Amino acid sequence: MRMGIVVLVCGLCIPPSIAVEPLVPDKHDGTLRIATFNVSLHRAEAGKLRADLEHQDPQILAIAAVIRAVCPDVLLLNEVDFATDGSNVELFEKLYLSFAGSDLLGNEAWPMPHTFSAPVNTGVPSGLDLNANGSTADSEDAWGYGLFSGQYGMGILSRYEIDRGAVRTLQALRWATLPGALRPRDPESQAEYYDDTIWEKLRLSSKSFWDVTIHSPEGDVHVLASHPTPPAFDGPEDRNGCRNHDEIKLIEHYINDAEFIVDDQGKSAGLESRASFVVLGDLNSDPRDGGSRARAIVDLLNHPRIAHSPPPRSPGAAIAARTQAGANRTHTGDPAEDTGDFNDRAVGNLRVDYALPSSDLRVVSSGVFWPDLETIDAKLRAGVRAVLKATDHHLVWIDVTRGN
């Protein structure tokens, strides 16, 4: 149990005499807590995130409070702008997680000193007219949509050592090399949206795909990290829907040790068959609801090398679906499994963020950080309400161990 302590952040004060039950259950002995979180730490221009990091930005404080409440051992961050020196993720850890002061929810420091970030495709000019408007200089003409190179990047934080020499990235892997790739077509004429010259050059990952090995007390675990494009913001050809489907298919092929894969370091094939892994990321696809081509995520969830355990859930997600109504009324999936709180007049809330361990790992506990405010001590509700507004996604965590 964590005790309430004096904390003054963004106008919130928690008296020292209040004992508060933890918002997240304590981790069981002998388990690893692994999490994924789309933190929405993207800015409209390069360098702005670093400036915000250095000036105690309220949104970043709120994001950090969630992480310090969950206390993960390994964490993937989606949508954190990449800096060429990799400093944004390191700075976030140093100033907001390792910092000794208490936070918005009354929690103390949670150091995760081992960090990793790498270049992504967002905002990197392709030199091609990818949206067929006669220009090659639009944000949609980048290898991945972005206003500048590195926008919407990724980062990994860990309490344990990262094997940097074993890192594999698939940033440059071409879409056309994927077996059975869904090449976008006009639904009426069946004409291919991208001509052959463009199609043969397109990169598959809208950001990147990473295989990062963590040397944990439970043995080596491969973090398979990605953030496929949203299946929206396009036209009837559904080019983003096709790409989202195939970015998820790449995860399946990588787990299958597919021979067509060549990483950015020139190494061929995918994951070794005996490797333990966890698939992490905002995959932008709900298996039952929303507008994605759901076959890819369904296939991944049913893959024999993925542990078949109940999905992470939260009481707050079920309450939100009921009270926000709108598009949520038409959904067929279990609303308690939702991880994203989206426009209720359009898609509604969806399960899009995933932490999927390999079948040799056993899930002991799991959850989504989306609490029921009515069950929280009244003196803490303002802080929880504030952190839940920092991003439209919710942190997903699993506690895993080896064996049965």
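This is a conversation about a predicted model of one protein chain and the terms used to describe it.

Colleague: What should I know about the model and its numbering before we start?

Modeller: The model is predicted, so local features need pLDDT of at least 70 and side-chain atom pairs count only at pLDDT 80 or more, while totals for chains, interfaces and linings use all residues. Residues are numbered from 1 along each chain as its sequence is written, and side-chain values use heavy atoms, with hydrogens and water left out.

Colleague: How many helices and strands does the protein chain have?

Modeller: There are eight helices and 16 strands. Helices (H or I, at least four residues) and strands (E, at least two) are DSSP runs, numbered from the N terminus.

Colleague: Why is the protein chain called as compact as a globular protein of that length?

Modeller: Its radius of gyration is 21 Å, close to the 22 Å that the globule rule gives for 404 residues, so the description applies. The radius is taken over C-alpha atoms, and the rule is 2.2 Å times the number of residues to the power 0.38. The C-alpha atoms fill a box of roughly 70 × 45 × 40 Å along the principal axes.

Colleague: What share of the contacts in the protein chain with a separation of 6 or more comes from residues 24 or more positions apart?

Modeller: Such residues account for 73% of those contacts. Contact means heavy atoms within 4.5 Å.

Colleague: What makes tryptophan 175 and tryptophan 199 buried?

Modeller: Buried means under 20% relative accessible area, exposed over 50%, and partly exposed in between (1.4 Å probe, protein chains only). Tryptophan 175 has a relative accessible area of 2%, so it is buried. Tryptophan 199, at 6%, therefore counts as buried too. Of the 404 residues of the protein chain, 58% count as buried.

Colleague: How many aromatic pairs does a search of the whole structure find?

Modeller: It finds five. One of them joins phenylalanine 92 and tyrosine 96, with 5.8 Å centre to centre and 20° between the planes.

Colleague: Why is the pair of phenylalanine 92 and tyrosine 96 called stacked?

Modeller: Rings of Phe, Tyr and Trp (its six-membered ring) pair if their centres lie within 6.5 Å; planes under 30 degrees apart count as stacked, over 60 as edge-to-face and the rest as tilted. The centres are 5.8 Å apart and the planes 20° apart, so the rings pair and count as stacked. The two residues are four apart in helix α3 (residues 87-97), and therefore separated by about one helical turn. Both are buried.

Colleague: What makes the pair of tryptophan 175 and tryptophan 199 tilted?

Modeller: The centres are 5.0 Å apart, and the 50° between the planes is neither under 30 nor over 60, so the pair is tilted. Tryptophan 175 lies in the loop between β10 (168-169) and α4 (196-199), and tryptophan 199 in helix α4, so the pair links distant parts of the chain, 24 residues apart.

Colleague: How do you know that arginine 33 lies over the face of tryptophan 397?

Modeller: A charge sits over a ring if NZ of Lys or CZ of Arg is within 6 Å of the ring centre and within 35 degrees of the ring normal. Arginine 33 is at 4.3 Å from the ring centre of tryptophan 397 and lies over its face.

Colleague: Why is α3 called mostly covered?

Modeller: Eight of its 11 residues are buried, including Ser87, Val89, Phe92 and Tyr96. What covers the buried residues includes α1 (48-53), α2 (58-70), β6 (74-80), β7 (114-116) and β8 (154-158).

Colleague: What makes β8 largely enclosed by the rest of the structure?

Modeller: Five of its five residues are buried, so β8 earns that description. Met154, Ile156 and Ser158 point one way and Gly155 and Leu157 the other way.

Colleague: How do you know that β8 pairs with β6 and β7?

Modeller: Two strands pair if DSSP finds at least two bridges between them. Five bridges join β6 to β8, which run antiparallel, and β7 and β8 pair in the antiparallel sense over three bridges. Valine 74 stands opposite serine 158, and phenylalanine 116 stands opposite isoleucine 156.

Colleague: Why does cysteine 71 count as buried?

Modeller: Its relative accessible area is 12%, under the 20% limit, so cysteine 71 is buried. It sits in the loop between α2 and β6 and has a positive phi of about 60° although it is not a glycine.
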